[in-house]
Amino acid sequence: MKIHEYQAKEILKSYGVPVPKGRVAETPEEAGRIAKEIGTETFVVKAQIHAGGRGKGGGIRVVHSAREAQNAAKKILGMTLVTHQTGPAGRIVRKVLIEEGVEIEEELYLGVVVDRSKACPVIMASREGGVEIERVAGESPEKIVKEWISPVTGFRPFHPNKIGFGLGLNLGQVGKMRGILSGLYKSFIEKDCLLAEINPLVLTKGGDLIALDAKMNFDDNGLFRRKEIAALRDLNEEDPLEIEASKYNLNYIKLDGNVGCMVNGAGLAMATMDIIKVTGAAPANFLDVGGGATVEMVKNGFEILMSDKDVKAVLINIFGGILRCDTLAVGVTEAVSEVKVKVPVVVRLEGTNVEEGRRILRDSGLNFIIAQGMKEAAEKVVEALKA
Ligand code: GDP
Ligand code: MN
């Protein structure tokens, strides 16, 4: 799960990380009032969306009075902000963060992520802040200092020294970074983060270190024990069909082709998408009905799949293990007769009760295209698309 910058900053602040004075607003008037309250000479008005690159996309404005802050908020609120992370459709801005302006001497990068291959968190830091860390990693990896933290012994006092001096900071700066690093790391662990990132961490003209931007992603599997984090979820930032699917415990992912895919299991989903691509089409989405799906879940899943306007043909690819083929067939037939499906539906079934499943599809009187094997299924769906 992702959260907004202003929410991540509130969390970091509670861990002792310095952040600019500021508050979030939903109207230009509110933005103006907040700027007056902050009372500094410059302000920054920042679009709050779950994506980075807002600066370049026009979602961040530096202004010099409360009135200008109000005007900037008026321009940003309601705009569709397109950045390299939003995709071409962009995101509608519903909230802005109003902050005191900070005079920047240097922009640094500081982040914690899980290193899966080493099975522990890794702290990454760089003096090349403000730009994407992936780019720094690609172009000049030597400019990133990394420190792996053992989950057994945890964060130790020598870590900030190694990182700070590794970046070439002076003694005073390393001292200031100490609290920031330990706060960032502690929040990462205590809130079950997959990523906690400050980009940029700014060295101000006055010699202070302050978190100018903040990003936190959380492990969904930990949300049941982090109610305060789950409460920060913003459904406006998520795909409506993905939200609908999560209600039924189904995994639905929107993609940009035109073949709707219903599968069981993530591995089969990947293989299905690959074979569709190889055969010359592209998936519009995939819906993973999982192992223990009921008729009701299959039906709901199929309806979600069909409400995606991009779907011009459907490929159902199921290997019946715990999910039996007859259960799947009943769910799909019920859904197809209720939703009046107009696009071709190709079905490939294998596994538990497959004969019964195929019989149900055949006897349904509906127009299913039954395929043997994945290759044939993909070919039939491409053929159906052309027709
Ligand atoms: P992102 O583009 O979505 O990652 O948004 P950031 O919060 O990282 O802001 C992008 C850039 O805007 C920063 O790297 C800064 O250069 C600039 N910026 C943000 N806040 C301030 C500020 O208070 N003062 C100044 N001068 N620039 C700022
Ligand atoms: Mn940033």
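This section describes one helix, one sheet and the cysteines of a predicted model.

Helix α2 spans residues 28-38. Its buried residues are Pro28, Ala31, Gly32, Ile34, Ala35 and Ile38. Viewed along the axis of α2, these residues fall within an arc of 165 degrees, so they line one face of the helix. The face turned away from this buried side carries the exposed residues Arg33, Lys36 and Glu37. Several elements cover the buried residues of α2. Among them are two strands, β1 (22-25) and β2 (43-47). Helix α4 (66-76) and strand β6 (96-100) also contribute to this cover. Gly39 follows α2 and has a positive phi, near 70 degrees.

Further along the chain, the model contains an open sheet of six strands. The strand order is β13-β15-β14-β16-β17-β18, and the pairing is mixed. The edges are formed by β13 (251-254) and β18 (368-370). Each edge strand has a single partner, so one of its sides is left without a neighbour in the sheet. On average, neighbouring strands of this sheet are turned by 20 degrees against each other, direction ignored.

At one edge, β18 pairs with β17 (residues 345-351). The two strands run in the parallel sense, and three bridges join them. In one of these strands, β18, Ile370 is the bridge partner of Val347.

Two helices pack on the sheet. Helix α10 covers residues 266-279 and touches β14 (259-263), β15 (283-288) and β16 (313-320). The direction of α10 makes about 160 degrees with that of β15. Helix α11, residues 295-306, touches β13, β14, β15, β16 and β17. The direction of α11 makes about 165 degrees with that of β14.

The structure holds zero disulfides. A disulfide requires two cysteine sulfur atoms within 2.5 Å. For Cys120, the closest cysteine sulfur belongs to Cys193 and lies 16 Å away, too far for a bond. Cys120 has 9% relative accessibility and therefore counts as buried, the cut-off being under 20%. Cys325 is likewise in no disulfide. The cysteine sulfur nearest to that of Cys325 is in Cys261, at 17 Å. With 0% relative accessibility, Cys325 also counts as buried.

Conventions:
Residues are numbered from 1 along each chain as its sequence is written. Chains are lettered from A and ligands numbered from 1 in the order in which they are written. This is a predicted model: local features need pLDDT of at least 70, side-chain atom pairs count only at pLDDT 80 or more; totals for chains, interfaces and linings use all residues. Side-chain values use heavy atoms; hydrogens and water are left out. Buried means under 20% relative accessible area, exposed over 50%, partly exposed in between (1.4 Å probe, protein chains only). Helices (H or I, at least four residues) and strands (E, at least two) are DSSP runs, numbered from the N terminus. The arc is that of the directions from the helix axis to the C-beta atoms. Contact means heavy atoms within 4.5 Å. Two strands pair if DSSP finds at least two bridges between them. Axes are lines fitted to C-alpha atoms, for helices over the stretch in contact, and angles run from 0 to 180 degrees between N-to-C directions.
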